[in-house]
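Colleague: I would like to go through some of the labels on this model. Please give the criterion each time.

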Amino acid sequence: MGSSSATIFLALTVSTAWAQDLPATISPAPPQPVVLENTGKPIVVPFRCTDEDIHSAGLTCTEEEPCPVFLELSVAGSSGNRILAAGNIHTDSGTLYSILLASDDGGRTWTEPLPRIRAAGLDRIQFFNSENGWISGEELLPLPQDPFLLVTRDGGKTWIQHSILNDAAENRIGTIQQFGFSARDLGTLTIDRGVGRDGGRYALYETADGGETWQIKQESTKPIAVKIPPPLSTDWRIRVDAPTKSFYIEKRQGQKWTLLAAFQAKLDPCLPPKPPEKF
């Protein structure tokens, strides 16, 4: 082996050994989404109440009297083969998180395509076409405030949250009454801003960039009548089934409604934090 070849060999050997001794600097892959299987019984959404949940919601939970936690689904819709259902997770006294569920196989399996948003709820879905859609929501604790839209450009696979009230000086109290898009980028919504608001309780907003930013167009002391485009499909509904204490996701097929999946309303309760173990 010549001197130059020996030098290259030695350099490669040292480089390989040095690399093996380096600590891992690449972040581990994100955890795979939990897949919920539909076995014919109401599906139980996983939930574990944390100390931060208890503190932020002002809960008083004991081992003898845990704080019950419930799933509430309020709306369902679809984009192509993707089925979506949205709502919130709450206790008797307040909302803990929003929740968005999705299925790409006719309701046989479900995942959550969006991380849960603390203290928020989701309540309306509209798709303009198979790719562009929106879901409305707001924070619900301690009062309805900071209304927002979730926007998707890929048929509901990914979502981006956009606030309606972008002015930092603006009062954040308010709920979305209705919204609709007449084109991919052109949308309208109305907000109920509560009593005692300067300029009027109700406000009309418009967007020209698909819901990323909104401009106020009208204020009124009375509800503002706006012609809102209908959703892409009205063939979906959420129905409460009292005997099973669950929410049914149903699709219209002709004159009948067909059950595709059911989700149990009662989730694991909130318990007080355990004291640290003594050694």
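Modeller: Ser246 stands opposite Gln264 in β16. This is a predicted model, in which local features need pLDDT of at least 70, side-chain atom pairs count only at pLDDT 80 or more, and totals for chains, interfaces and linings use all residues. Residues are numbered from 1 along each chain as its sequence is written, and side-chain values use heavy atoms, with hydrogens and water left out.

Colleague: What makes β15 and β16 strands that pair?

Modeller: A strand is a DSSP run of E with at least two residues, numbered from the N terminus. Two strands pair if DSSP finds at least two bridges between them. Eight bridges join β15 to β16 (residues 256–264), so the criterion is met, and the two run antiparallel.

Colleague: How do you know that β14 pairs with β15?

Modeller: By that same rule. Six bridges join β14 (residues 236–241) to β15 (residues 246–253), also antiparallel. One of the bridge partners in β15 is Ile249, which belongs to Ile238.

Colleague: What about the residues between the strands in each hairpin?

Modeller: The hairpin of β14 and β15 has four residues between the strands, and Lys245 takes a positive phi near 50 degrees. The hairpin of β15 and β16 has two, and Gly254 takes a positive phi near 70 degrees.

Colleague: Why is Leu260 said to be in contact with Ile249?

Modeller: Contact means heavy atoms within 4.5 Å, so the label rests on those atoms and not on C-alpha atoms. The C-alpha atoms of Leu260 and Ile249 are separated by 5.8 Å. Leaving aside neighbours within four places in sequence, the contacts of Leu260 include Ile249, Trp236 and Lys251.
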